[in-house]
Amino acid sequence: MFDISFILYRSETDVAPGSPMARQILSEAEARNAANDLTGFLHHEENFFFQWLEGPAAPLEEVAMMIQRDPRHRYMTFLWRGAADDRQFGEWRMGYSTCDDDSIMIWLAQNPVAQREKRAYASSVLAFLQRRNESARGR
């Protein structure tokens, strides 16, 4: 029985990693996620966001639609959507990392997977976020 829904997406942005606007986005996400029992992890690198978000299906879909309408996100692409028994990032209302912590672009270059193979690409992005999660918890 699957109790948790999830999405993994990539979007483009003009927001600089670590900027006041990035901190505002993170603060808004943490509050919204707490109110909706959502958890996840956001990696912000150059002009891209990569985010895994998980929780109850209805609020997750509402938040996903809100993100799609947010002008700070452009060309949002869902890499993976589904349901699972357990959360991947249950300890974070919104974990966060930037390329100053680790580069997803280097990760993808060192762990090559064809981007046209959507599930394999999504699994590789998730593996990177899980690695960032482990590093962030160890701080």
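**Folding around Phe 50**

Biologist: Setting aside its neighbours within four places in sequence, which residues is Phe 50 in contact with?
Modeller: Contact here means heavy atoms within 4.5 Å of each other. Outside those close neighbours, Phe 50 is in contact with Tyr 9, Arg 10, Phe 41, Leu 42, His 43, Ile 104, Met 105, Tyr 121, Val 125 and Leu 129.

Biologist: What kind of model is this?
Modeller: Residues are numbered from 1 along each chain as its sequence is written, and side-chain values use heavy atoms, with hydrogens and water left out. Local features need pLDDT of at least 70, side-chain atom pairs count only at pLDDT 80 or more, and totals for chains, interfaces and linings use all residues, as this is a predicted model.

Biologist: Is Phe 50 buried or exposed?
Modeller: Buried means under 20% relative accessible area, exposed means over 50%, and partly exposed is in between (1.4 Å probe, protein chains only). Phe 50 has a relative accessible area of 1%. That is under the 20% cut-off, so Phe 50 is buried.

Biologist: In what order do the elements of the chain run from the N terminus on?
Modeller: Helices (H or I, at least four residues) and strands (E, at least two) are DSSP runs, numbered from the N terminus. The chain has four helices and five strands. Read along the chain, the order is β-α-β-β-α-β-β-α-α.

Biologist: What is the radius of gyration of the chain?
Modeller: This radius is taken over C-alpha atoms, and the globule rule is 2.2 Å times the number of residues to the power 0.38. For 139 residues the rule gives 14 Å, and the chain comes close to that, so it is as compact as a globular protein of that length. The radius of gyration of the chain is 14 Å.

Biologist: How much of the chain is made up of buried residues?
Modeller: The chain has 139 residues, to be sorted by their relative accessible area. Buried residues make up 47%.

Biologist: Which residues of helix 1 are buried?
Modeller: Helix 1 has 17 residues and spans 24 Å from first C-alpha to last, close to the expected 24 Å (1.5 Å times one less than its number of residues). The buried ones cover an arc of only 140° around the axis, which puts them on the same side of helix 1; the arc is that of the directions from the helix axis to the C-beta atoms. On the other side, Pro 20, Arg 23, Ala 31 and Ala 35 are exposed. The buried residues are Ala 22, Ile 25, Leu 26, Ala 29, Arg 32 and Asn 33.

Biologist: And which residues are buried in helix 2?
Modeller: An α-helix has 3.6 residues a turn, so residues three or four places apart point the same way. Helix 2 covers residues 57–69, and its face turned away from the buried side carries the exposed Glu 62 and Arg 69. Its buried residues fall within an arc of 140°, so they line one face of the helix. They are Pro 59, Leu 60, Val 63, Ala 64 and Ile 67.

Biologist: What covers the buried residues of helix 2?
Modeller: The cover comes from elements elsewhere in the chain, a helix among them. It includes strand 1 (4–12), helix 1 (20–36), strand 3 (48–55) and strand 4 (74–84).

Biologist: Which residues have the most contacts inside the largest nonpolar core?
Modeller: A nonpolar core is a set of buried Ala, Val, Leu, Ile, Met, Phe, Trp, Tyr and Cys residues joined through side-chain atoms within 4.5 Å. The largest one has 19 residues, and strand 1, helix 1, strand 3, helix 2 and strand 4 each supply at least two of them. Those with the most contacts inside it are Ile 7, Tyr 9, Leu 53, Ile 67, Phe 78 and Met 94.

Biologist: How many residues does the other core, lying apart from it, have?
Modeller: Leu 79, Trp 80, Trp 107 and Leu 108 are among its members. Leu 79 is found in strand 4 and is buried, with a relative accessible area of 6%. This other core has 18 residues.

Biologist: What is phi of Tyr 75?
Modeller: Tyr 75 is found in strand 4, and it is exposed, with a relative accessible area of 62%. Its phi is positive although the residue is other than glycine, with a value near 50°.
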